[in-house]
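Let's take a walk through this two-chain model together. Have the sequence open beside the 3D view as you read.

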Amino acid sequence: MRFSGKGIFALLLCGALAGCVCGGQTGQTDHPGAQIARNGKSMAEIIVPELPSPPVATAARELRKWIAAISGAELEIYHAPTKTPNTKIFLGREFAGKYREDLAAMSGSDGTAVRREGSKLYVFGAQDRGVLNGVYELLDRNTDLIFARPDRECGTVFSKRSDLRFTETDFRVVPGWKERHFALVRHHFDPWSHEWSMRNFANYRGMFFNKYHILSSLSCFFTSSITYEYGTLLAADGRFERHPEFFGWKEGKRHPYKHYGVQVCYTSGEGAQTLIRETLKALKRDMTAEISEVHFGFGDTWDLCLCPECMKPIRCEDGTLLRPDDDAFRSTQYYRYLNRITDAVSKAYPNLKISTLAYLYAAVPPKVKLHPRLTVIFCPYVKNDKIPVTAPGNAVWEKRSREWAKAGRNIGIYEYYGDSSDFPRPIADTAMQDMRFWNSLNINSYLSLETYPDYRLPKVRDDLMAGAWDVSGVEYWCIGRLMWDPSQDVRALRRKYFHRAYREAAPDVERFYAILHRAWYSDAFPAYWNDIAYNSAAYYILKKGNEKAMRAALESAAEKVRHPASAKLLNHLRARFEHLVEVAATIPETLTLNVPCLSDAAKAGEDFDSPLWKRGGVIDGLRPYGKAAEKLPADKDAVITLLHDRLNLYVKWTQRLPLKAKKGWLQLPELECNPDRNYPRDQVWKNGVNTRMTLEFFLAPPDRSRYFQFACNNHGALYDAEGYNAKFDCGFRAKVRKTAAAFEAIFTVPLLELGINVNTGNRISGMFCGPFGSWNGGQVHQMSGFQNLYLEMQ
Amino acid sequence: MKKIFSLAAFLAGTLLSAADFSAEVRPDVKYRVVFTAPAPPEWQIRFTDADGNIPLGGILSSSGERYRGTEKNTYVREFYTPHFAKKATLRTKDKVENVRFEAVGNSKYLNLNPEFRLGSENYSGYARTTQSVIRKGADGNYLEVSDSRYGMTLTDPVPVTPGRTYRVSLRREGPGNPKKNIGVYIRFLDKTGNVLDNQRDYWKQSFTFYANWKNDFPASKQFTAPPSAAFLECLLLDGKFAAFYLTEENKRGQAR
């Protein structure tokens with residue numbers, strides 16, 4: 001939240017003075033603002049405390065660096081003010097004791113305040129990190145500098161001016177989120193991306209680092225966290241051999257821990273005690289002065305222990321019995337386990353933050369009281385990114401958000417807004433609404449955003465990361481600003497970005513993005529973290545007829561752009577746009593498959609070898625994900641045949657698998673097929689049922705307002721959902737078998753349950769996704785990649 | 001190894017009680033301050049410029065345990081004077097005696113305390129040590145850097161000149177072959193202490209002393225200081241260092 005005593009006045013004055021040469025004595029109170037440079041000469045100095053902390057020293061160097069870049073004036077940095085009659089910029093709360101109200105308002109955060117008294121300018125925060133934020137606020141409000149992207153050549157854009165005066169020097173900002181983080185994915189360490197995020201108010205380092213990265217990233221974020229994974233700690237010293245009972249049970253035996261394998265046994269009391277000892281031992285070994293947090297992580301999987309104790313109903317504190325089919329069953333089990341560890345660690349390290357990710361099964365608010373020292377980072381995964389968390393389509397995440405807000409004091413959010421940003425998804429609108437909603441629930445301790453680093457690879461086709469910055473830098477920048485201050489309006493932020501980054505070309509670039517914004521938000525298709533950029537380009541740019549107008553806007557921008565950095569930014573934007581549409585144009589037209597109507601199709605639904613299948617509509621071959629123009633090798637391909645009888649859709653899927661493959665890969669001879677296992681419904685990816693061999697498909701009714709997912713695995717375990725809502729149950733059936741050459745499944749899907757009445761609408765759409773590829777290269781859940789199914793009437 | 005040769009500007013003072021002791025100094029030169037104190041003291045070395053001001057980086061703060069000398073109740077800190085330094089002042093909280101500043105002349109190596117001879121409780125030359133400790137070995141002191149996740153040692157910044165070439169080398173402590181390679185990562189800083197923009201790919205500028213090499217294998221690697229470089233600093237990882245050397249390339253012959 002921003003408070004600016006003289007903000008509006010200062011802004012007006014700043015505009016009026018733009019371009020003027022300011023005369024008079026430096027620091028005189030009858031002149032507006034503080035003189036920083038005149039004719040490229042320094043008119044100010046920076047003063048830091050005698051022993052400045054790393055954030056304050058960094059703040060001083062950053063202020064000096066950017067003032068020099070803008071004005072040519074090199075300000076000196078001292079530990080005490082000199083006698084020179086110039087502007088004194090004091091950095092640090094040591095100099096700001098009289099601003100008690102500001103310090104109180106910023107308490108517990110890295111908020112910042114700037115105050116001026118004559119020729120003395122005070123930049124301070126209740127925490128030292130606030131001083132660094134104050135420097136960036138000061139530059140933002142008093143120059144046209146923008147840290148548009150991390151790119152070293154063109155990422156920072158500003159005007160050079162030899163006369164520099166700071167006029168907006170009276171403000172305070174208290175951040176909406178205490179910890180703000182751009183979580184780099186695909187490539188976890190990139191110094192320039194870290195630095196860019198520091199300059200845009202991020203203050204959290206993240207967890208994915210090798211040893212030699214730590215020091216480098218500490219120079220941006222100053223504190224650090226250490227992550228331990230339960231299974232890895234427990235497995236130390238060959239413990240599985242001696243105590244297999246601490247580890248997960250599945251298919252008749254205990255299994256050694258693997259990140260993507262079955263997780264540790266969360267009901268083993270002795271296992272928990274051992275884990276506590278191992279954790280304390282590891283902390284004793286690993287702790288440094290900079291580590292302020294220990295994070296407990298688990299494997300990226302639903303594969304959980306199935307031992308009798310873990311499947312036993314849980315008696316809750318209020319006396320109710322929580323059964324294994326309850327959504328909260330596994331999370332309750334998990335947080336009971338973690339509460340014990342938190343209790344022990346918090347006693348040994350009273351000032352250490354203890355956190356975990358509320359992800360997968362742990363995303364469900366548990367029916368157990370959280371340990372008060374535990375910070376839970378709620379991960380609303382997977383949700384529709386095109387609509388806010390409060391929209392009906394994301395109802396489950398709104399409900400869970402509200403429950404988490406009541407469950408603990410320290411709740412944060414881990415978000416995926418930055419994924420799939422190699423297509424310019426205008427996602428900051430959704431982010432703004434979500435952040436305000438979560439803040440309104442007092443969820444404000446931590447916000448993390450998955451982001452690609454600005455790291456360019458040699459081949460354009462592989463260049464997903466820098467490619468994302470080429471087109472989505474504006475969104476990253478806006479979301480960074482919103483994490484700092486969610487009260488800001490995203491439209492105004494975008495406009496500011498365009499005008500600072502592209503300058504003379506800003507109106508055209510704004511037009512380019514406005515076309516896309518309309519195309520994206522006017523379409524009800526959901527958007528998820530894993531959307532494929534080329535499919536999105538094919539759908540939102542080509543199919544909707546926006547290519548020419550968007551290109552024209554960029555061409556017009558190229559004629560107007562002047563600033564060399566802006567020109568480079570624009571070149572990158574244009575190149576990425578052309579690449580997207582070029583590849584999108586190679587994606588075959590949306591296919592239409594005619595699905596014959598047979599009155600006796602139900603017989604085919606019961607018989608793999610029914611001759612009726614020869615009369616079905618056939619998808620003869622899948623494509624690698626995201627690569628519609630390529631074919632799958634024959635031993636990984638599939639044939640899918642469809643029939644319907646107005647009541648049901650019948651799908652026969654013949655999935656070939658390699659007869660010989662590398663160890664660990666899916667291969668037919670080793671594939672079990674045991675349909676009598678009777679797994680609970682909707683547990684295909686949960687509770688140890690995940691076999692990696694899953695056939696799934698998606699269907700959307702004619703109005704495409706929603707879609708449904710169907711899946712079964714090699715043991716015939718079933719899953720159906722509306723979007724990501726697994727509570728949906730349409731009663732579909734599937735049977736499976738293994739032949740000498742393939743794994744096969746027949747699905748019977750009741751159409752009316754999906755709102756598909758062939759008599760009123762027979763043009764539906766769908767997507768089929770196997771272990772190696774999909775129909776026309778589409779992606780799971782991505783409706784823009786759905787192909788057409790024409791349910792014949794006769 | 002030859003004993004570090006101390007000479008030049010020998011400046012002595014006696015019996016100072018919680019006061020300042022000052023000496024004229026030259027910039028970018030290796031000095032040491034030596035004194036005695038009955039209990040581990042806290043002190044600052046403050047460097048002023050020609051105008052009597054203290055620019056950023058002009059205050060070194062120390063505590064006794066980290067810079068204990070080899071003799072009883074003595075304290076020693078070696079350091080490079082900043083580029084602006086005209087005068088150095090020792091400011092102590094507690095009573096100290098026999099203060100002297102002296103230039104460390106004609107050292108073979110650019111880095112400070114390369115063979116840890118200042119004592120097993122003296123971390124001069126090593127700005128940041130986490131899970132690292134100087135120990136007494138059979139043939140002298142050595143630095144052990146833990147291979148735990150955060151174990152590391154960062155050297156003090158060493159003044160360099162753009163365009164000149166510098167060489168990193170080391171001797172490993174102890175016989176046999178450890179499990180892990182020793183890693184040395186280097187980066188160059190500008191005069192205000194900022195990492196140079198083209199020096200961010202930390203891991204790309206490294207010297208590895210492989211575990212299967214003999215402990216005195218004469219391996220080394222050279223690095224050229226880029227434009228605007230004013231300092232070089234090294235990150236030392238995973239192993240026991242009997243010595244760590246930085247030399248300027250054209251002086252290498254004198255160094256070994």
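Helices (H or I, at least four residues) and strands (E, at least two) are DSSP runs, numbered from the N terminus. On that basis, chain B comes out with one helix and 20 strands. A quick word on bookkeeping: residues are numbered from 1 along each chain as its sequence is written, while chains are lettered from A and ligands numbered from 1 in the order in which they are written. This is a predicted model, in which local features need pLDDT of at least 70 and side-chain atom pairs count only at pLDDT 80 or more, whereas totals for chains, interfaces and linings use all residues.

So how far can you trust chain A? Going by pLDDT (the predictor's confidence in each residue, from 0 to 100), chain A averages 91, and 93% of its residues score at least 70. The stretch to treat with care is residues 5-30 of chain A, where pLDDT stays under 50. Where pLDDT is low, the predicted coordinates should not be read in detail.

Just past that stretch, look for an open sheet of three strands in chain A, running β3-β2-β11 with antiparallel pairing. β3 (41-42) and β11 (164-166) of chain A sit at the edges with a single partner strand each, so one side of each has no neighbour in the sheet. Two strands count as paired if DSSP finds at least two bridges between them; β2 (residues 34-38) of chain A and β11(A) have three, in the antiparallel sense. One residue to click on is A34(A), whose bridge partner in β11(A) is F166(A).

Now move along to helix α13 (residues 464-484) of chain A, which has a kink of about 80° centred on S472(A). The bend at a residue is the angle between axes fitted to the seven residues ending there and the seven starting there. Is α13(A) covered or not? Mostly covered: 20 of its 21 residues are buried, meaning 20 or more other C-beta atoms, placed from the backbone, lie within 10 Å of a residue's own. In chain B, buried residues make up 39% of the 256 residues.

Finally, where do the chains meet? Calling two residues in contact if their C-beta atoms, placed from the backbone, lie within 7 Å, 25 residues of chain A touch 24 residues of chain B. On the chain A side, α6(A) gives the most, with five residues.

Key. A residue is buried if 20 or more other C-beta atoms lie within 10 Å of its own, exposed if 12 or fewer, and partly exposed in between; C-beta atoms are placed from the backbone.
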